[in-house]
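Student: Before we discuss this protein, could you show me what we are working with and set out the terms as we go?

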Amino acid sequence: QVQLVESGGGLVQAGGSLRLSCAASRRTLSRYPVGWFRQAPGKEREIVAAITWSGAGTYYGESVKGRFTISRDHAKNMVYLQMNSLKPEDTAVYYCAASRGVGVILMADEYDDWGQGTQVTVSS
C-alpha cells in the first residue's frame, strides 16, 4: 500500500496558477502509475490527468488539455499537477491516486491508494 498526501490547493483568481503535489511514504510512488482526479459539488469524480510509472506516457481530460501538466520526479518520490489558466469550473477537491496496474490508468476503480484530497477554489 502506498500512503499519499496531496498539498498545494488553495484559493486563486481565474487565470491564475497552482501546483499540486503528491507525496508518497516509503519512497514507493515511483513504482506505480498515478492519476489526479477531481470532484466538484454535485458532480461525479472525474479524471484530470494520469501518468505511467516511467513518466513517459500521460493523459489529460479534455477540459484541462493545454492548461494542466502532470509530471513526476522519481528522485523526490513526488508527482505534480501544474495548473495554469485556471477557470471557475476547475473548482473541486483534487485527489492523487496510485495504481498497482500498468500503463496510463484512467478509471477510478483501478486505483488502489488515494490521498485525502486538497481543495482548489477558483474565483471569477
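Tutor: Helices (H or I, at least four residues) and strands (E, at least two) are DSSP runs, numbered from the N terminus. This is a predicted model, in which local features need pLDDT of at least 70 and side-chain atom pairs count only at pLDDT 80 or more, while totals for chains, interfaces and linings use all residues. Residues are numbered from 1 along each chain as its sequence is written, and side-chain values use heavy atoms, with hydrogens and water left out.

Student: What makes up the secondary structure of the protein, and where is Leu-106 found?

Tutor: The protein has zero helices and eleven strands, and Leu-106 lies in the loop between strand 9 (92-98) and strand 10 (113-114).

Student: Why is Leu-106 called partly exposed?

Tutor: Buried means under 20% relative accessible area and exposed over 50%, with partly exposed in between (1.4 Å probe, protein chains only). The relative accessible area of Leu-106 is 37%, so Leu-106 is partly exposed.

Student: How much of the protein counts as buried?

Tutor: By that cut-off, 46% of the 124 residues count as buried.

Student: What makes the protein as compact as a globular protein of that length?

Tutor: The radius of gyration is taken over C-alpha atoms, and the globule rule is 2.2 Å times the number of residues to the power 0.38. For 124 residues that rule gives 14 Å, and the protein has a radius of gyration of 13 Å, close to that value, so the protein is as compact as a globular protein of that length. Its C-alpha trace spans about 40 × 25 × 25 Å along the principal axes.
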